[in-house]
Structure formats: structure tokens, C-alpha cells
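User: Please take a close look at the interior of this model and tell me which parts of the chain build it. A connected account is what I am after, with every cut-off stated where it is first needed.

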Amino acid sequence: MSTAVLAPDRPILAAGETIDTPAMVVDEVNLHQNIAEMAAWAASLGVNLRPHMKTHKTPQIARLQRAAGAVGATVAKLGEAEVFVDQAGIDDVLIAYPVVGVPKIARLLALMERAHITVTLDSRPAAEALARAMYDADRTLDVYVEVNTGQDRAGMRAGDEAVALALDLARMPGLNVVGVLTHEGHAGASAPEMIADVALAAGQALVDTANAIRAHGVDILHVSVGSTPSAPYTPTVPGVTEMRPGTYVFYDNSIFRHGRIGPDRCAARIAATVVSRPAPDRAVVDAGSKALAMDMSPSHPGHGYIVGHPGATIARISEEHGVVLLPPDEPGFAVGDRVEIIPNHVCPTVNLTDELLVVRDGHVVDRWPVAARGKVR
Ligand SMILES: Cc1ncc(COP(=O)(O)O)c(C=O)c1O
């Protein structure tokens, strides 16, 4: 895709603001705007907003989302749930990932003493183990059935497969089937002109599946969809009750190609310093694979978008080196100059940093620990 269509962009940090790099900087105004806008969209649809908090992994941002009306959190890992319950006071968490294995089930039972936890399941073996543990502990666990509406990751296929699983789970003591869930990530991965149709089809497949389960007497209260690129579409399907976008708090390079959001709306960037200029067409910045995740993006070539330099490409990264290829006479890449890089995929990039530097009017005003980073269990 041509970079020429990108909106005009500006750095978050004021030129005179000195920070050590690499560091993730977050623009406070953009962050608040992104949170408020999605909350208003969900409210206008009458759909619950349960943001996926793996994007930011940060209790302060969880509190902002909650204050803006989020009904609770979505996370992928039990460890993330523990952080948001204990450090952000979130009392209602959906773990949108199967909880499998004895150690995790013990932690889940402990966490259920401190908050309302719902778990997503897509298999009988995982459900049986959880049901047994809940029954033995005299507890009941709310579960969503994960439905595959086209992403082909986890989830039973929409329709008969998912209905059969839901009915089996509903018969298990200790489990309470309260919802169905899909992550329509394939919509965002489709061509920009196709995203609306793909997202709407995914939402409809999920609603139809929920209705088919209800026809067997199981009360499906929650019909949960979620991804940032499809957020304008999937939650508009009548019957959807909940949306779980995550990336929207910051946005990232992956969304530009859909045209709605440009770099000026991206709240989180990696600030990096030019540490070498070995050739006129090549510079090296101090953000390599330890600062930028490896994901690529169809929106822009290379390992991130350098704000204000659409023609520059981070062509290669090793651990500590980001190798930037420059068009002729590109200004701003002398040794010591600072650049801001919008990550291709912000979620794994946040996972690489200990803290977010919060920036107001170009100046760092706070540092927020990324308390749920690295919580892979
Ligand atoms: C199950 C689930 N729900 C919601 C999301 C949020 O999607 P996005 O990052 O596009 O906002 C994700 C992201 O991976 C996910 O895995």
C-alpha cells in the first residue's frame, strides 16, 4: 500500500523534552480520546464494552476504561486477570482463552474468590476438567463457548458444531453456559473493501449460533464479538450484546490501511535515538527486536512507521539495532536525533517494556508500570 495516503503526523514528545531511549511514550490526549470514542460507540449501540486489556497490560489504563463505562475486562491469561483484579480493582473479568491444567485451575478458583470470572471454552476435555474442579469446590463457573466464525484459530465452527458443544457443556455440573464469543480477527486481515461484509457475516453467524443454542433451552445472555478493525461493523448486528476491542486504546500501524485511522491517532510510540549513520541511505536506531515486536503490517513496509518519515523503512532489526533505509536527502537522521516509531502491532510491543511514559503537551508527566507484561501463564 502507498504511504502517501497517510494523514499528516506529528511527534508526541516536544523537541526539547529529553528522555532516555528506547522508551514507549503515550500521548494522554490521544489515549483519552480513543477510550472515550469507543465507549461512546458502544453506548450508542446499546452494546456492552469489555475491552481486551492485553493491549496495554496497565492497571491505570484499565481504570480509565472502566471509568468510561467498560463493564469489565477481557484478558487472555489468568496472570493478566490476577493483575487487573488485584491492582486495578476490576471485579468482572472474561478470560477469553481456555484454562487448561491443574495449576491454572487452582489459581482460577482462588481468583474467583476475589472477582467474577468468566472463561471461554472450546473443547470437552478442558470443560470436563474445569467442571470436575468446580463441582469438587462447590463452585459454579460462568463460561462462554468460543465460536469460529472464520478466523480458524480456536473455537468450534459456528452452527451445529458450536451448538453441540454448548449443549454438552450446559449439562456439566459446575459450569454455567452464559455466552458465546468470537474473535473476528479475519475481518481485519481481509482487504479493506471487504472488511464490513466479513465482519457483519461473522456477527450474524454468532447471533444465529446463539439463537440455535437458546432453542434448546440454554439461556445465552452474552453474544460477544471483538476486534478493533471490525469494531465499526460487527457490534451493529442485531443480537450482539458485547464488544471486546483491545488495540483501539493506542491504535497501531496495522489499522492505517483501512483508512479510518492515521498515525496522528496512534497514542503509543517507541521513542528511539539514531545511534549510527554509516551511509547516506542508512541509519541505525536503538530500537531493535527487544523494543519492537516482530509482526509485520500490510499497511507499511518494514518493522514500524517512523512518524513524519513515510518514506523511511525499518528494513531489518536485530536485538538492539533497527536498520532504517532512507530516501535521498531525508532530514532528521543525524546521530543523536530522536524518532518516534508507531509499532506494527502494539500489543506484543507493549509486552517488551517495563513502563509507559505518559506525555502531556509534549512533556512526560507520569510513568505507568506495565504490570501485566510477561504474564504468559
Ligand atoms: C479473543 C480476542 N478478543 C478481542 C481481541 C481484540 O482485538 P484487537 O486487538 O483487534 O482489538 C483479541 C485480540 O487478539 C482477541 O484475541
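Analyst:
**From the start of the chain to the interior**

P22 lies in the segment before β1 (23–27), where helices (H or I, at least four residues) and strands (E, at least two) are DSSP runs numbered from the N terminus. The peptide bond leading from T21 into P22 is cis, with omega near 0°. Residues are counted from 1 along each chain, in the order in which its sequence is written. The model is predicted, and for that reason local features need pLDDT of at least 70 and side-chain atom pairs count only at pLDDT 80 or more, whereas totals for chains, interfaces and linings use all residues.

As a frame for the interior, the protein has nine helices and 18 strands. Its radius of gyration (taken over C-alpha atoms) is 22 Å, close to the 21 Å that the globule rule gives for 377 residues, so the protein is as compact as a globular protein of that length; the rule itself is 2.2 Å times the number of residues to the power 0.38. Along the principal axes, the C-alpha atoms fill a box of roughly 70 × 40 × 35 Å. Buried residues make up 50% of the 377 residues, a residue being buried if 20 or more other C-beta atoms, placed from the backbone, lie within 10 Å of its own, exposed if 12 or fewer, and partly exposed in between.

The domain assignment, which is automatic or taken from a database, gives domain 1 (3–26 + 255–369) and domain 2 (29–250). The C-alpha centres of domain 1 and domain 2 lie 32 Å apart. Across the boundary, 15 residues of domain 1 are in contact with 17 residues of domain 2, contact meaning that the C-beta atoms, placed from the backbone, lie within 7 Å. On the side of domain 1 that touches domain 2, helix α9 (residues 346–350) gives the most, namely three residues. That side of domain 1 divides into 10 nonpolar, three polar and two charged residues, with Ala, Val, Leu, Ile, Met, Phe, Trp, Tyr, Cys and Pro counted as nonpolar, Asp, Glu, Lys and Arg as charged, and the others, Gly among them, as polar.

The largest nonpolar core has 117 residues, of which F84, V93, I95, V145, V180, L206 and I341 touch the most other members; such a core is a set of buried Ala, Val, Leu, Ile, Met, Phe, Trp, Tyr and Cys residues joined through C-beta atoms within 7 Å. Helix α8 (residues 195–214) supplies the largest share of this core, nine residues. Both domain 1 (3–26 + 255–369) and domain 2 (29–250) give residues to the core, so it lies between them. V180 illustrates the packing: leaving aside neighbours within four places in sequence, V180 is in contact with Y144, V145, V147, A162, L206, T209, A210, I213, I220, V223 and S224.

Another of those well-connected members, F84, is among the buried residues of helix α3, together with L78, E80, A81, E82, V83, V85 and A88. Eight of the 11 residues of α3 (residues 78–88) are buried, so this helix is largely enclosed by the rest of the structure. Its buried residues pack against α2 (59–67), β3 (73–75), β4 (92–95), α4 (102–112) and β5 (116–121). Just after α3, G89 takes a positive phi of about 70°.

V359, in strand β17 (residues 355–360), is buried as well, with 26 C-beta neighbours inside 10 Å. Not counting residues up to four places away in sequence, V359 touches I12, L13, V25, V26, D27, E28, V364 and V365. By contrast with these contacts, the C-alpha atoms of V359 and M172, 187 residues apart along the chain, are separated by 50 Å.

For comparison with the interior, consider D138, which is found in the loop between α5 (124–136) and β6 (141–148) and is exposed, with 7 other C-beta atoms within 10 Å. D138 has a positive phi of about 60° although it is not a glycine. D329, placed in the loop between β15 (322–325) and β16 (338–342), likewise has a positive phi of about 60° without being a glycine, and with 6 C-beta neighbours inside 10 Å it counts as exposed.

How values were computed. Two residues are in contact if their C-beta atoms, placed from the backbone, lie within 7 Å.
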